[in-house]
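Thanks for sharing this one. Here are a few notes to read alongside the coordinates.

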2 protein chains.
Amino acid sequence: MGIAERREREKEKRKNDIIDAAERVFFEKGHENATMDDVANEAELSKGTLYLYFKNKEDLYLAIHLRGNKILHSLFQKAVKNKKTGIEKTRSVGKAYVEFFKKYPNYFNAMLYYESHDIDFADQDSVAAECLIEGKATLELLIESIVIGIKDGSIRSNIDPVKTAISLWGQTTGILQIASLKEKIILSQYFSISAQDVIDYNFDLIYHALKS
Amino acid sequence: MGIAERREREKEKRKNDIIDAAERVFFEKGHENATMDDVANEAELSKGTLYLYFKNKEDLYLAIHLRGNKILHSLFQKAVKNKKTGIEKTRSVGKAYVEFFKKYPNYFNAMLYYESHDIDFADQDSVAAECLIEGKATLELLIESIVIGIKDGSIRSNIDPVKTAISLWGQTTGILQIASLKEKIILSQYFSISAQDVIDYNFDLIYHALKS
DNA sequence: CACAAAATATGACCAACGGTCATTAATTTT
DNA sequence: AAAATTAATGACCGTTGGTCATATTTTGTG
């Protein structure tokens, strides 16, 4: 009964090839300016075929985001491993997020799209649902770091790990969003500071809020 | 020479009427699902006329955002006035932002659009350029509160007011973005916490980071 | 008032794009 | 080899943002 499995493999491969093509197109033109015809051409498939593998344009873009989120997840895992104390782990996770932002700006944009749009999670089989699971697993690493920090005394004990993790996630995403979209006009032109300055500065603030 | 002035007034009035109509449409359907034809119908004008007053759909939506930002600005002014110490002013400004988020969810959505999209500020006469100025004036109030707090000793002196203000702005926007878009699915369903919990919690974190 | 000039407004029209579906092609099963 | 199932195609459709030649209204002039 190897046929069904082979077909499954081929289907998965084709799906991946489409995402590969979609990345080339979306990363070059951006989500708004990229068209499904572009992707079809790049993938050397007809447009209709794309819709056999992905529900719609958003679903396809979320598939790209999912790849990015998996990268981020592994960066978080590395970050947690390399440090001893909880607060160091926590800070390291934050640094990993910034590293992700700088090293994979295109994936970061896909993440921003995910974070700033009202995604439809209703369909359990959609890519969106997968993103949700992957996103939770990623956040869980941050929560765990904070828990460890409370236990080892490096983080003050009167905080709530889950709320703190969500706060940190939202905060940092917000800062990186500004850094990404408003650097030229607001930061540089109005206040003569670099995105990196604000990012670094934000870390100090957070550190100050958490340490015991 | 009253004619030119009257015409100018009438032009301004018409512009406002269009924004009024646009609010009704955009607020009901959201930015993506609202069409320029909808707005034209609601305004009882032809579509072509809309384009005499606004460059494009985004410009019209930004005009709505500008109204929202002016409301926020006045809330900030009130917030600053009512408090004595710098840290109280700063906290009060934060509370005002949350009040804005709750009381004017539609304007808040317009603000989120502005914050999460790559707006074209090139044209000096566009609504986008006005938004920039208004946004800066609003942020300035936050900066000023922090400066006062450093002077009166309620905020620790080794922070940078501008960077802090930008950080707080980005952080809070990030949190409110999550609260707004991901409440149902992530916060409630996954972690059983309310958006309000996270917002309040975030305030405590920030307070902790700033106080001397 | 009559007529020209300027300013406004109109809506038919266009191009672009996301998405669909009847048809065709390829593969597997019988 | 024929039937049945699965996969792929691309012409086509509806919607929408935006335009522009034309029409209407208002203002200026003799």
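1. In this predicted model, a polar backbone atom of B:Ser46 sits 3.1 Å from a phosphate oxygen of DNA strand C. Two side chains also reach phosphate oxygens of this strand: a polar atom of B:Thr49 at 2.8 Å, and an N or O atom of B:Tyr53 at 2.7 Å.

2. Stepping back to the whole surface near DNA strand C, 18 residues surround the strand, and the closest include A:Arg7, A:Lys47 and B:Arg14. By type they are seven nonpolar, five polar and six charged. Helices α1 (2–33) and α3 (47–53) of chains A and B each supply at least two residues, and α3(B) gives the most, with four. On the DNA side, 67% of the strand's atoms within 4 Å of the protein belong to sugar or phosphate, the rest to bases.

3. Now the aromatics: the whole structure holds 20 aromatic pairs over all chains. Take A:Phe100 and A:Tyr104, whose ring centres are 5.8 Å apart with planes at 40°, so this pair is tilted. A:Phe100 is buried at 0% relative accessible area, while A:Tyr104, at 24%, is partly exposed. Both belong to one cluster with A:Phe27 and A:Tyr107.

4. B:Tyr97 and B:Trp169 are stacked, because their planes are at 10° with centres 4.6 Å apart. This pair links helix α5 (residues 86–103) to helix α8 (residues 161–181) of chain B, 72 residues apart. B:Tyr97 is buried at 2% relative accessibility, and B:Trp169 is buried at 13%.

5. Finally, please look at two lysines over rings. A:Lys136 lies over the face of B:Tyr190, 4.8 Å from the ring centre, and B:Lys136 lies over that of A:Phe191, at 5.8 Å.

Methods
Residues numbered from 1 in each chain as written. Chains lettered and ligands numbered in written order. Predicted model: local features only at pLDDT ≥ 70, side-chain atom pairs only at ≥ 80, totals over all residues. Heavy atoms only, no water. Near = heavy atom within 4 Å. Polar contact = N/O pair within 3.5 Å; in protein donor to acceptor, adjacent residues only side chain to side chain. Nonpolar A, V, L, I, M, F, W, Y, C, P; charged D, E, K, R; others polar. Phe/Tyr/Trp six-rings, centres within 6.5 Å; stacked < 30°, edge-to-face > 60°. Buried < 20%, exposed > 50% of the residue type's maximum accessible area, 1.4 Å probe, protein only. Lys NZ or Arg CZ within 6 Å of the ring centre and 35° of its normal.
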